[in-house]
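Hello,

Here is the structure I promised to pass on. Please open it first, then read the notes below it.

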Amino acid sequence: MIHRIKIVFICFLMIFFTTISGCISPKTQSSNDEIILYKNIEFSDSDELRTASENEKFRLIVYDKTAIFGLQDKKTGYIWWSSPPEKILNDNNSQIAEEELNSSIVVRYGTPENNSDNNFIRSGGSECNVKISDIQGGIRIFYDFEKVGFSFFADYILEEKYLQASIKISEIIEKNPENIITEINFLENFGCADESENGYFIIPDGSGALINFNNNKTWSSGYKKRIYGEDMAFSDKKNNSENEQIYLPVYAIVREKNALMAVASKGDANAFLLAEISGQSGNYYNRCNFTFILRSKDTYFNSDYSGEKITVFEKGGINSGDIEVRFYPVLKEKCDFTDVAECYRNYLTDECNLTKKINENYSPLYVNFFGGVEKKNSILGIPIKKKQSLTNYENAMKILSDLRDKGVKNAVISYKNLTDNEIENKVETEIKPSSSLGGKNKFENLTGFISENNFEFYPDFDNIYFYSGNGFNSFSGAVFRITGVKTEIYNYNLAYGFAEKQRKNKLLLSPEYFSEIFSEISENCKKSKINGISLGEITSTLYGDYGKNKISRNYAKNIITENFSEINNNLKGGILAEGANAYALPYVSHIVNIPFHSGKNDLFDSEVPFYQAVIHGIIPYTSTPVNSDANIADFIMFSAVTGSNIKFDIIHENVNILKDTELDFLYYANYPIEKISEIYKIISPILENISLSTIVDYKVENSGEIISATYSNGTVITADFSRKILDFNGNKISLEEEFF
Amino acid sequence: MFLNIFIAVSAYGISYNYDHFGEAVPSQSGYTVKSVIFGENMGTDSLRNPSDFFTDGENFYIADTGNNRIIVTDKSLKNVINIYEKLKVPDNSFTELSYPSGIFADENFIYIADTGNERIILINRNGEVAREIKKPRSEIYDSEKIFMPEKIIADTAGNIYSVLGNVTSGCAVFSPNGDFSGFFGADSVKPTAEIVLNYFRNFFMSDEKKSRRKRVIPSGIDNFDISSDFIFTCNLSEKSAEKIKKINSAGKNIFAERELKFGDLKPEKKSSNYKIPDTKICDVDISENGFINCIDSESGHIFQYDSDGNLLFIMGEISEKSGGFTAPTAIETLGGNIYILDSRKNNITVFELNYFGKIVHEAVNMYNSGFYEESVDLWNEIIMRNGNYTYAYTGLAFGFLRKGEYGKAMRCAEVSGNSDIYNKAFKEYRRIFLKENSGLIISILFFITVFFSFLKKIKMENLTQIKWLTYSVMHPSGFEDMRWKKAGSLKISSCLILLFFIAEITENRFFGMQFFINDERNFNIITYFIKSIILFFIWTLGNWSVSIFLDGKGIFKNIFIYSSYALFPYISQIFINIFLSHILVRDEYVFMQIVEFIGTLWTLFLLFSAVKSVHQYTVKRTFLAVFLTIIAMFSIIVILIIFILLLRQVFMFFSTIYMEIFYRVKML
């Protein structure tokens, strides 16, 4: 019966749209046409398309029959459709393609009995009943997937600046115990573009990247990446060679005159970002969207020898948080990634309490010391572990006083491995200066020196990866996987990428203990009169604990933000973050190691400093260590353009000593002090000038040989990489490669 | 719009190198991905499964196999100069290409391996066919095989070399006028252990089984490059130790004598269940400065070696990222750049030499042309940027050696694990030391002689247990006397065995670095335990069990004591040699050999006499006993190994059960 209605309906639609198709030629869409398109439909059949909600700027249009809706910008008339409206006309599409295109929701589910995890069902298909009702400010669509036994509703509400789409997890009903819902791909086709359109997607992968529509890279598999990085709880024995992550739960669609930013405002901890271009996997459209994981899954092998792979799902009810995506049309004539960055920055300041953490004329030098390392020595072949000093407190003080004498006014000092437990990679909450680094008195001399010179000090407590000891071990403190085994952090062979036992595997600290540990650390810092702390990678690493504690990534995120907020209130200097995911941004005072590049997925067409554009002028930040780069002169120029302060990793002892230790990647850390101060003298005057400004324009010319950025105070910084000239408001600085 | 702009700073992806011991260590990269170029960037449509390309320094020639065409672009790869699809034949008709998979060019011709048409064709720049080479009619060419030219090069004389897809006897050579003149660069099958073993296995195998076994065939040539008078070849064959060969015009592999290793090195400690993939080098290219560049199609790693085969850089990977490959098929170099052709991504990735790479190249060039002292500053700079760069320490050691700063040279040689240079530096260092401290050394020697001259001869009466040790060692009939006097202490012999164990370890750990430098990481104390203590116990046990059959008078304890006393000269020899290894150089190694020889012989004699006296055997019977003891030792070892294997099986069985139960319980 339903089928027959559908067929009649489709026939009707064909006739109906053929009559108006002359006006809806999507290939020549101009803003005028679009108004006509809308009006035409409205006037020809008011029942088909209606305005569900309206405010000063936007209008929410609904097409009740297929539950397609559109967000219209009243000023230009442009409509962002939840699914391509012109698709209804196209009769040469297979039913599946049509289903796919009409679907605003794709549900993935697992059947634990069959050990299968890759089943899906679309809301646009005949297997789903869709009901639309009006609610305050928008519509509610009820999706009933009868066949598999799921039903839930999604609300689409028009707010002043955006359209909010949300699903309440508590309202999801699972009737069939055989099927468990694992993932919801939400508004897959929102704003998708066909093969005739020009434009691009902004993907916040690493620093940021752009994917052009129709870029012909159909041979690559689509882009899919987890927001806030992979869940470390499911560490893999094979290194997946991924080296960048998505820090911000946002993407944008930019067309010639219109741009739309989508933010995952809830459920971001469980979201993936997807993108594909037309022609990929038989798809006609370019699209970009979020998908939300509701239940995590894990795989294991039946035994080490038979090799049968078994998938297990999180037990019990759905543990992840609600889903909410906001669509912000970017109201600007010619929009690029800096405008989207501004829009996102406004979202952060308005909705997420992000406040300015930077002063005028502020551009410090970031110095990162490594205190000690555990080194295996052998006496007559019997291995003995010894704490090897790399930079003791006296060395650090000497280096800092040298830097001060050479003209460094502001410095932010982080200090890793400065207590015995830190050196041994055990969980540490106290500031107990290691005797192998000079002991308590020397340490107090150092902190005294730092505060005398108004430098900022951030001792580092990197606790998330640990070895048993100090009360934390695999029985209490470690994260467990869904399979019931403890998570191990593997060391990978550099050449082959598989897990290697050259060093012991570390454990992962359960988020359950974060509150306890963080508050102890912040107490102890206060006692020792230390103003700020660095918490290692915790600001950019998110994982759940799937053992007894049952902590989802979403819950872990909440624990982290609560504790960060407390530390931020307790300590004057706040937190120094090593990379920062969006949820951490409001609570951090400095961010180091912000990458200059994206994850370089095959689909990407170019890289942009999107992350930098979001936070410049709000939080001071640095790139990865300058001395770790092979092209230091280029690196300095790029730092200037992207407004990144400079950071150096330093150890005092000869790097030879790092052989066979876990710090052997610091092969560059003997960089001379004179060069550091010279680089500081080049960069700091430029960055001081723009410390409160934002990036408003960014241009790449000559296939990347010349890059220039304009800041909101009018400063223009241009880097000419082929001639090695840095132009700052017309002042040309020539950088000699040999010097750096 | 199709331009792929990537930031050339901030290198990413894999960045490692191998240290002297073959261990992968993190390392600064020498190359950075500059751009990724598609057909659209060149100004034509997408490439389709391109399989080869070539540059003559001015242009790039791309065999766009799937599109049946040859593309010529300029140096930048951004502008197409010419596309050859239809070629003009002298009779003014046209011929088309079919799956051209090999390309080469010189100033006269473009050489195309036109695989689909079973021919090689030479065309001039106007697209006119100058020569066509079809299947050779020759006795040495198997006429049943189709002609499958896949890769092609030509030397300066115009001789054409082609890799044939179905021939493993080397590449086919054609004279400039197209006549087949034979095969070149064939690999002979060497009698490796496996082949020898197979030969013996053949006796016991049924014919059916034999036919199922993999045949050992000589590994052919899969790709090559020509540079001055040498042809460099590579092959994908997994077993081949000689992954890259440098073949002179006489067909001899110059790299054969040198133990060069190309590609990734297997880790010493294999730990997980992963099978370590073999390096499959699918193309090699010699850059203008003589460096050897090659690409491993299995891992996507590009390896760059200097002209002597020393590893400089490793870069690239298999990945779905820009700068990564899915099916790398060909490598070319031009200027400071390395170009990789990917036949699945249909693109060319350009790697640009970065500043670190530049200074390394500069230093290596200086070093290889003999400017050792001059290169010291550069090596120092390299180390400042990358303290893990082993090659730099070698360069520095040599530089300091030439400068006459021998102490520094020794330290650098130690870090780089290069005992050759250490030996040279030590020799000079010792010469200077002796010259400066001659007085001191002569006086020390004098005191030692005086000390020894005061030592009294030992007599048999009232010997302490410790003196019995020296007595038994120094006297031919020492053990007989010991037996009569019922001397010999278990404490001392236990100490001796422990000392034996320590000596074995010390020899490995504290030997003079001019002789060899050992990797601490691969040191395993168990090996030395087995080599010394376990072996000694097996000897004692074996001898004891043999003595039961041969009416030996010795009890287990006495065999143990006497045998351990007999080891004394051997143990002393080790310690003496360790001491000598710190004052002698390699040229004087013969002295150490003499010491070792005397010590070993002495111990053997003492062992013999120990067996003889402990069991009260005749000489003849002693020989028999020793011989049988050795056989008994072998049997014990075999039994032990079987036992250990069994134990492992049992352990594995229980661990599987445990895992199974564990998961089942967890899953409930």
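How much area does chain A expose, and what share of it do carbon and sulfur atoms supply? Chain A exposes about 27800 Å². Carbon and sulfur atoms supply 47% of that area. Keep in mind that this is a predicted model.

Now the rest of chain A. The chain has 740 residues, and 63% of them are buried. Its secondary structure comprises 12 helices and 42 strands. Take the contacts in chain A between residues at least 6 apart in sequence: 66% of them join residues at least 24 apart.

One helix pair in chain A deserves a look. Helix α8(A) covers residues 514-527, and helix α9(A) covers residues 553-570. Their axes lie 10 Å apart, at an angle of about 10°. Angles under 35 degrees count as roughly parallel, so α8(A) is roughly parallel to α9(A). On the α8(A) side, the contact is made by F514(A), S515(A), F518(A), S522(A) and K526(A). On the α9(A) side, I559(A), I560(A), N563(A), F564(A), I567(A) and N570(A) take part.

On to chain B. This chain has 668 residues, of which 51% count as buried. It holds 17 helices and 27 strands. Its exposed area is about 33000 Å², with 60% supplied by carbon and sulfur atoms. For contacts in chain B between residues at least 6 apart in sequence, the share joining residues at least 24 apart is 52%.

Two places in chain B are worth finding.

The first is helix α7(B), residues 406-416. Buried residues here are Y406(B), A409(B), M410(B), C412(B), A413(B) and S416(B). Their cover includes α6 (390-403) and α8 (419-436) of chain B. Just after α7(B) comes G417(B), with a positive phi of about 70°.

The second is a nonpolar patch on the surface of chain B. Its members are M474(B), V590(B), F591(B), I594(B), F597(B), I598(B), L601(B), W602(B) and L604(B). Together they have about 910 Å² of accessible area. Helix α16(B), residues 589-615, gives the largest share of the patch, with eight residues. V590(B) sits in that helix, α16 of chain B. Is V590(B) buried, partly exposed or exposed? Its relative accessible area is 42%, so V590(B) is partly exposed. The cut-offs behind that are under 20% for buried and over 50% for exposed.

Best wishes

Conventions
Residues numbered from 1 in each chain as written. Chains lettered and ligands numbered in written order. Predicted model: local features only at pLDDT ≥ 70, side-chain atom pairs only at ≥ 80, totals over all residues. Heavy atoms only, no water. Patch = residues over 30% accessible without salt bridge, like charges linked within 9 Å, V, L, I, M, F, W, Y side chains within 5 Å. Areas by Shrake-Rupley, 256 points an atom, 1.4 Å probe, with all protein chains shown as cover. Salt bridge = Lys/Arg side-chain N within 4 Å of Asp/Glu carboxyl O. Helix = DSSP H or I, 4+ residues; strand = E, 2+ residues; numbered from the N terminus. Buried < 20%, exposed > 50% of the residue type's maximum accessible area, 1.4 Å probe, protein only. Axes fitted to C-alpha atoms, helices over the stretch in contact; angles between N-to-C directions. Parallel < 35°, antiparallel > 145°, perpendicular 65-115°, else oblique. Contact = heavy atoms within 4.5 Å.
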